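User: Please take a close look at one loop of this model and at the parts of the chain around it. A connected account would be preferred.

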Amino acid sequence: MSKNKRGKALWRMPSRGRGTCPICGSTRIKLLYIGKGLSGEKVNVCKKCEGKQVTNSN
């Protein structure tokens, strides 16, 4: 049988949970995981970057 409620929470999120990952720069990717920002704050990151910390690219 099919799963009727799979991914339903994504429809309530802004932009369906998609955006640009602050770590790897991938665009239009799902940002459903938690990463660490420069000052320790929580930021949404993609699956590839889960557990990594945002670094200053300058």
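Analyst:
**The loop between β1 and β2**

Thr27 is situated in the loop that lies between β1 (18–19) and β2 (29–30). The model is a predicted one. Thr27 counts as exposed because its relative accessibility is 57%, and the cut-off for that class is over 50%. Leaving aside residues up to four places away in sequence, Thr27 touches Gly19 and Thr20. The C-alpha atom of Thr27 is separated by 9.9 Å from that of Cys46, and the two residues are 19 apart along the chain.

The segment before β1 contains Ser15 and also Arg16. Most residues other than glycine have a negative phi. Ser15, however, has a positive phi, near 60°, and Arg16 likewise takes a positive value, of about 60°, although it is not a glycine. As to accessibility, Ser15 is exposed because its relative accessible area is 57%. Arg16 has a relative accessible area of 39% and is therefore partly exposed, a class that falls between the limits of 20% and 50%.

Further along the chain, strand β3 (residues 33–36) and strand β4 (residues 42–45) run antiparallel and are joined by 4 bridges. Within this pairing, Gly35 has Val43 of β4 as its bridge partner. The hairpin of β3 and β4 has 5 residues between the strands, and Gly40 in this hairpin adopts a positive phi near 90°.

Terms used. Residues numbered from 1 in each chain as written. Predicted model: local features only at pLDDT ≥ 70, side-chain atom pairs only at ≥ 80, totals over all residues. Heavy atoms only, no water. Pairing = 2+ DSSP bridges. Helix = DSSP H or I, 4+ residues; strand = E, 2+ residues; numbered from the N terminus. Buried < 20%, exposed > 50% of the residue type's maximum accessible area, 1.4 Å probe, protein only. Contact = heavy atoms within 4.5 Å.
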